[in-house]
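Dear colleague,

Please find below the structure that I am handing over to you for your work. My findings follow directly after it.

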Amino acid sequence: IRTRLMAVFATLALGLGISGLVAPSASAAGEFIATPNGMVGMQQEIVFRAPSLAGQVATIGFVSGGISNAGQTAVNSQGFGSLAWTPTSAGSWTISGLGNAAAIGSTTINVVPMPTQTYALVPNLVQTNVTNRITVVVSALDGVIAPSGTVTLRNQNQNVIGTGTLSPSTGTTSTANVQWTPAIGETVTASYTPASTAFTAST
């Protein structure tokens, strides 16, 4: 039974175009739930089989530390179902059936942070002892979530010359405006400190 189940699982994964799936723990009745390891902000598919729920609605739960949420989806006549899910934080996530779907069990995956890029947009012509506004832009490299956290400006001596808190701008980009009063020969470097494990730091 297990061999046939894993063959069905592999066929289903191939049909859905999913690679790197975390192998489920199959029950004697053929229930399973599985999905690949993921990345924050990137949508992925949860696939499962629950023959006893054919034609019904299944509830799938997602838990990571103190974060928990759930989604519902229909189960087809063959007992298979799928659900789109977007991780919002990095770390270990346990995905399981809830309520009448508890029999499909659970699977645990690892979600990694989304990489970022940070840019400091400095005015082209500045004067010493005159305050200027620097816009710091932090962008996630992909996904659907904009970075959150703070940015710090440092000069060539690594002295802090300004800080700011990011606000979502467009799509996967956030910005912060920081006041800067330059000294002669001063250079500026911006660094991003994430508010959580969802994103990587960048400079």
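Apart from its neighbours within four places in sequence, Val63 has contacts with Ser68, Ser92, Trp93 and Thr94. The model is a predicted one, and every value in this message is computed from it. Val63 belongs to strand E4, which covers residues 57-64. Thr94 stands 31 residues away from Val63 along the chain, yet 5.3 Å separates their C-alpha atoms. Val63 counts as partly exposed, because its relative accessibility is 40%, a value between the limits of 20% for buried and 50% for exposed.

Thr152, in strand E11, offers a second case from a strand. Its relative accessible area is 12%, so Thr152 is buried. Setting aside neighbours within four places in sequence, Thr152 touches Val160, Gly162, Thr163, Thr189, Ala190 and Ser191. Strand E12 spans 160-165 and strand E15 spans 189-194, for orientation when you inspect these contacts.

For the protein as a whole, the secondary structure amounts to one helix and 15 strands. The chain has 203 residues, of which 42% count as buried. Taking the contacts between residues at least 6 apart in sequence, 58% join residues at least 24 apart. The exposed area is about 10,100 Å², and 53% of this area is supplied by carbon and sulfur atoms.

The residue to which I would draw your attention next is Glu186, located in the loop that runs between strand E14 (173-180) and strand E15 (189-194). Which side chain of opposite charge is nearest to Glu186, and how far away is it? The nearest is Arg154, at 12 Å. Glu186 is buried and has no salt bridge, since a salt bridge requires the charged atoms to lie within 4 Å. The side chain of Glu186 does, however, form a polar contact of 3.1 Å with the side chain of Asn155. Beyond its neighbours within four places in sequence, the contacts of Glu186 are Asn155, Gln156, Ile161, Trp180 and Thr181.

Strand E14 also takes part in a hairpin with strand E13. E13, comprising residues 167-170, pairs with E14 in the antiparallel sense over three bridges. In one of the bridged pairs, Pro168 has Ser174 of E14 as its partner. Two residues lie between the strands of this hairpin, and Gly171 adopts a positive phi near 55° there.

Two residues other than glycine also have positive phi values. For Asn129, phi is near 65°. Asn129 is placed in the loop between strand E9 (116-121) and strand E10 (132-140). With a relative accessible area of 67%, Asn129 is exposed, because the limit for this class is over 50%. For Gln158, phi is near 70°. Gln158 sits in the loop that links strand E11 (149-154) and strand E12 (160-165). Is Gln158 buried or exposed? Its relative accessibility is 53%, so Gln158 counts as exposed.

In reviewing the model, you may wish to begin with Glu186, which is buried yet has no salt bridge, and then turn to the positive phi values of Asn129 and Gln158.

With kind regards

Methods: Residues are numbered from 1 along each chain as its sequence is written. This is a predicted model: local features need pLDDT of at least 70, side-chain atom pairs count only at pLDDT 80 or more; totals for chains, interfaces and linings use all residues. Side-chain values use heavy atoms; hydrogens and water are left out. Helices (H or I, at least four residues) and strands (E, at least two) are DSSP runs, numbered from the N terminus. Buried means under 20% relative accessible area, exposed over 50%, partly exposed in between (1.4 Å probe, protein chains only). Lys and Arg count as positive and Asp and Glu as negative; His and the chain ends are not counted. A polar contact is a pair of N or O atoms within 3.5 Å; within protein, one must be able to donate a hydrogen and the other to accept it, and residues adjacent in sequence count only if both atoms are side-chain atoms. Contact means heavy atoms within 4.5 Å. Accessible areas come from the Shrake-Rupley method with a 1.4 Å probe; for residues, only the protein chains shown count as cover. Two strands pair if DSSP finds at least two bridges between them.
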